[in-house]
Amino acid sequence: MEINCVVIELKKGSLSRVKEWAEFINHRREEALNTLKNEGVTVESFFLAKIEDKDYLVSFMRAKSMKHAHEAVKHSISEIDAYHQQFKKDTWLKGILGETLVDLSRISDEESYA
């Protein structure tokens, strides 16, 4: 399993679009989970943070292969993936990849969930 955490600076004034995106994804949860399955992703979480008057998303992802996950998204014909890609173009300024220091999981055989 591979993991990553990215801190994403959001474009100024995009907070309402971020909330709309979160509502869309949560409302279409089953479809979103199916796309994650196709990508080999077991966990994808987003958190909203405000630091010094700037808005950020913090993304955490666990996947069998990050390369496979990114390739699957590039070739996806799923409406939810297209929506997410457009959301990123509309709202993301830049992302900073975090360094993994501790990664604990109680899932003994995570690959069976992929």
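Biologist: In the hairpin that β2 and β3 form, which residue in the turn has a positive phi?
Modeller: This is a predicted model, in which local features need pLDDT of at least 70 and side-chain atom pairs count only at pLDDT 80 or more, whereas totals for chains, interfaces and linings use all residues. Residues are numbered from 1 along each chain as its sequence is written, and side-chain values use heavy atoms, with hydrogens and water left out. Two residues lie between the strands (DSSP runs of E, at least two residues; helices are runs of H or I, at least four; both numbered from the N terminus). In that turn, a positive phi of about 45° belongs to Glu-52.

Biologist: Over how many bridges do β2 and β3 pair?
Modeller: Strand β2 covers residues 41–51 and runs antiparallel to β3, and pairing requires that DSSP find at least two bridges between two strands. Within this pair, Glu-44 is bridged to Met-61 of β3. The number of bridges between β2 and β3 is ten.

Biologist: Which residue of β3 is the bridge partner of Glu-2?
Modeller: Strand β3 is also joined to β1, in the antiparallel sense, by eight bridges. In β3, the partner of Glu-2 is Ala-63.

Biologist: Why is strand β3 described as largely enclosed by the rest of the structure?
Modeller: Strand β3 spans residues 54–63, which makes ten residues to consider. Buried means under 20% relative accessible area, exposed over 50%, and partly exposed in between (1.4 Å probe, protein chains only). The strand is largely enclosed because its buried residues number seven of the ten.

Biologist: Which elements give two or more residues to the largest nonpolar core?
Modeller: A core is a set of buried Ala, Val, Leu, Ile, Met, Phe, Trp, Tyr and Cys residues joined through side-chain atoms within 4.5 Å. The largest has eleven residues, among them Val-6, Trp-21, Leu-57 and Phe-87. Two or more residues come from each of β1 (2–10), α1 (15–27) and α4 (79–91).

Biologist: How many residues are in the other core?
Modeller: Another core lies apart from the largest one. Its members include Val-41, Ala-63, Met-66 and Ala-69, and its residues number six.

Biologist: By what distance are the C-alpha atoms of Glu-99 and Lys-88 separated?
Modeller: Glu-99 is found in the segment after β4 and is exposed, with a relative accessible area of 68%. Glu-99 and Lys-88 are eleven residues apart along the chain, and the separation of their C-alpha atoms is 22 Å.
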